[in-house]
Structures are given as structure tokens and as C-alpha cells.
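I set out to record what surrounds the ligand, how the strands are arranged and where the nonpolar cores lie. The entries follow in the order in which I looked these matters up.

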Amino acid sequence: MGTSDQIPLHARPDGQGRLRLQLDSLRPETRRALPVVIPVTVAGAVALVAAVVSLVTGDLGWDEVAGMAVLLAAATLAEAFPVPIEGVAVGSTSLATIFIVSAAVIYGAPAAAVVGFLTMTLVEVGRRRPPSRVMFNCAVYALAGTAAGAAAGVVGSDSLGGLVVGAILAGISFYVVDIGLLALVVSRTRDASPLVSMRKYVVLTAVPFALMASLTVILVVLWDRSPYVAVVLVGPLLVTALYQRWIHRSLERLRQFDRLKDEFIAVVSHELRTPLTSVYGAAMTLGRHELDEERRNALLRIVSTESERLARLLDDILTVSRLDSGRSEVAIAPVEPLELVSDVVDSAREHLPSERSIELSTAPAPPPVAADPDKLRQVLVNLIDNALKYGSEGNVEVRVEPHDDVLRFSVTDAGPGIPYNEQMQIFEKFHRLDPNMTRGKGGTGLGLYICRELVDRMDGRIWVDSEPGVGSTFSFELPVADGT
Ligand code: ADP
């Protein structure tokens, strides 16, 4: 069923099924596989030589050669662009089986062996796989093609019934040899029972196999009428493959999102717990002890800052929920930027440790922007908070400058920076950098998502310029208000 690609040898799965069969390095599992790999490779080579001799010495017409070339091209394309099949954890399944088995029914075992072998050779060499693996995979396809041809030959293809039964038997034979040899090599490398591996692969691939067997029957019957008629199958096959890929990608995105959500719940629980513990501890100390004025004030400060932190966290969660459900409305009006930004910067300075500072530099008289003042404030507060939190030692600079018909706000820190490949992703919901990069600073991954959504809703754009190890500048632009 064309799965020699997907099952262990070049699975692209979740990591568990990944098996690197590199005979060259001769790791213990590779050594264990040799008693299967060597005989299979030799048997494949013998089958191939016999097939080539039979084809060369037989009376092959140009029609047959052209037909085989078309099936080879189709099988190679299908093998090169495998279709991910939902539920098949070992990765993706190639539809090449359909064309190799069809070659077996229409042109016989030697043709199927050669088509199978060449399909795998072209794709595997193109992918620059290690030679040992190329040889094994090619041998499996040559042997599976031969088996398919032999099975079809038993029935004969003179009648419609013969064609149908032949195609089904050929499909089953191909499948059994392909999956059987793979299960055998995997069980050797993993030191597991071949029957258990075989059962697992059959369960995973039975449905795709049934689909491919049906498609093979249709192709063979159409081809028997005229190879030109068989071209009508190209459309449905292509659509099926593309649709399947699309579904798989969507599901992958959902799964990724689900994982992030789980992580988010863990992070939020932790983020809630930390301030709660501080508030609780401070309240208990306040209640139990005779305290001097200074200590009492310090504890009260803890209660108020930690409660603020809790309120901010809950605000973020509520904002996201409103944004996602479309309940967040923006009321755009002309806003004087200087006043608003100075206000935000002043209130950030109030909580600043003495060794840090926030510089504000603005153009002399920046024009009013078309914005929702509360949302604009929220974006600025978020960016300045992040700059202070992640750029824990250096100073922060806030700039406001006009650019054509927009006003650009930017917040620069000398923090750890953001790796280039994550500079887009940090604006996604729940996305956080590796805590090692941000010195374990707490957070939920909601702040920048909220900033992006709010700026978007105010017809602006937001981005980051950052160099890891040097610092980051988060900027956003909003349109200048009409009539200015
Ligand atoms: P939070 O700060 O609550 O985790 P954000 O959405 O505000 O969520 O930020 C997402 C992630 O982007 C943060 O977890 C952090 O890893 C990274 N990040 C944000 N701002 C900065 C910054 N100024 N410097 C370095 N990393 C940052």
C-alpha cells in the first residue's frame, strides 16, 4: 500500500515512531535489523534482475513501454507527495501503490517490479536518503510489485471479473509483502514481536488500503477500456490528496492550539497562585503579629501590588475572551498622543526601581491619532510592562514620531531579544518564549496577542525588531486623525 515510505523507515510522525535505519553507523538496533535487511535487499535485487531480463527478452511494444512510463510517472509523483491520512500515526501514505499494482495487473509482474523499484529509487535518491535505506526500500517495492503481478497472473485478466478480482488480489499481495517486511524490520530493530508490529500496522493502514484497493480496481478497469479514459481519475485523485492534506494541516493546527491551551491553563493556575500566596502570607502576618509601622506598610504594599497583578491577569483573560467572541468594541476618536503617552510613562515610572528609567522622546507636536484612547493606553501599558519585565536591567525608551499619514509609537529595551524565527509567533495567543531565554519571567502569552488584536481593530499595524542578546523594539502605527 505504498507505505514503505511512511512506516518506520521514513516516518514523519510525533517522534516516537522515528526510526533511523542507517546501516552505515551500525548502531545496535541497525545490527539487529541486518538479518532482515540483507536477505530482503538481495531478494529485491534478484527480482529486479529477473524482471529486467524478462522485459528485455519479451516482445514489448511501444504502447506497453509508454503505458508503463505513464504509470511510473504517476507512482513517482504520488510517492514524492505522500498524503497524510488522519489517524495513521506513522505519518503519511503514498498513493503510489495504486499505480504499481495497476502496472502489475495490466502489464504483469516484471513491469510492476521495475515500476516499483524505479519509483522508490527516484524518490529516495531525490531525498538524499542513506544508500542502505534506499536499497532496502527499493527492494521492498520490487518484491511487493512482483508479488502483486504473480497474484494477478493467477486469475488472468481476460474478463471484467478477472480484472476486478486480479486487481483486488494484487493489491492484497502488495500490501501483505510491503507491510509484512516493514513490520519484520521494525520488530527486529525494536526487539519486539513481528506479529505485534504487523497487527499494529494493519490496524493503522487497513482503511487507507481499502480505499487504494478500490481506486486500483477503478483505474485498471478504465485502463482496460482505454488508457486515455483512465485520465479522468487524475481529477478525483488530485482533489482527494489535496483535500486530505488540507484537513490534516487544519487538524494539526487545532492540535497545536489545544496543546497551547493546556499549557496556558497550567501557566494561568501558576500565575494566579503566586500572587494569591503572597497576599495570603501578608494578610496572615498582618493579622497575627504586633508590627511596627514600616513592616506593616511593606506588607500592605505587597497586598496591593499582588492584587493589582491578579486584577491585570484577570483583565487580560477577559479582554481575550471579549476579543475572540467579537464583543470588544473600539470607539475611534481623535486622541492627543502626547498627553496619553506621558500619562502612561509617568504611571509606569511610579513603580520603577531607582536604578531603572524610562525615557520618553517625541516629535515636537505629534498630530492627533484616530484611536480608541483606552485601547491605545492598554497597548502602550502592555509593551512598556514587557520591556521592563523582560529587559530586566537596562533602561526603556518610548518614542512617538509621525511617518507620512501615520503616527509610530515604539518601545525599546535592552533585554534578551527574541529569536528571529519567533518574532512573528510571539503575537499569537498563548505563545511564550522558552523560559530560559526570559530568565523564567512569569506571563500568560496573552499580552502581545491583545496588543495585535487591538491595533488591528484600530486600523494600525504592530511588529517587533529584535536582535537576540541586544534588545527589542516593539512598534505600532496608527492612522493620523482626519483633518489634521
Ligand atoms: P507574557 O509576557 O504574559 O508571557 P506576551 O504576549 O506579552 O505574554 O509576550 C509573549 C512572549 O514574548 C513572552 O512570554 C516573552 O517570552 C516574549 N516577549 C515579549 N516581550 C518581550 C521583550 N520585550 N523582550 C523579550 N521577550 C519578550
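Entry 1, ligand shell. I found that helix H11 (373-390) and helix H12 (447-457) each supply at least two residues of the shell around the ligand; helices (H or I, at least four residues) and strands (E, at least two) are DSSP runs, numbered from the N terminus. I note that this is a predicted model, in which local features need pLDDT of at least 70, side-chain atom pairs count only at pLDDT 80 or more, and totals for chains, interfaces and linings use all residues. Residues are numbered from 1 along each chain as its sequence is written.

I counted 21 residues around the ligand, the closest being Arg432, Leu433, Gly443, Gly447 and Leu448; a residue is near a molecule if its C-beta atom, placed from the backbone, lies within 6 Å of it. By class, the shell holds 9 nonpolar, 10 polar and 2 charged residues. Here Ala, Val, Leu, Ile, Met, Phe, Trp, Tyr, Cys and Pro count as nonpolar, Asp, Glu, Lys and Arg as charged, and the others, Gly among them, as polar.

Entry 2, sheet. I traced an open sheet of 5 strands with mixed pairing, in the order S4-S6-S7-S9-S8. Its edge strands are S4 and S8 (461-467), each of which pairs on one side only. Two strands pair if DSSP finds at least two bridges between them.

S4 (residues 358-362) and S6 (residues 396-403) pair in the parallel sense over 5 bridges. Along this pair, I saw Glu359 opposite Glu397 and Ser361 opposite Arg399. S6 pairs with S7 (residues 406-413) in the antiparallel sense over 7 bridges, and Pro402 has Leu407 of S7 as its bridge partner. The hairpin of S6 and S7 has 2 residues between the strands, and Asp404 takes a positive phi near 50° there.

Entry 3, cores. I looked up the largest nonpolar core and found 72 residues; those with the most contacts inside it are Ile100, Ala103, Ala104, Val115, Ala148 and Ala170. A nonpolar core is a set of buried Ala, Val, Leu, Ile, Met, Phe, Trp, Tyr and Cys residues joined through C-beta atoms within 7 Å, and buried means that 20 or more other C-beta atoms lie within 10 Å of the residue's own, with C-beta atoms placed from the backbone. H6 (160-190) gives the most to this core, with 14 residues. Apart from this core lies another, of 35 residues, among them Val369, Phe409, Tyr449 and Ile450.

Note on methods
A residue is buried if 20 or more other C-beta atoms lie within 10 Å of its own, exposed if 12 or fewer, and partly exposed in between; C-beta atoms are placed from the backbone.
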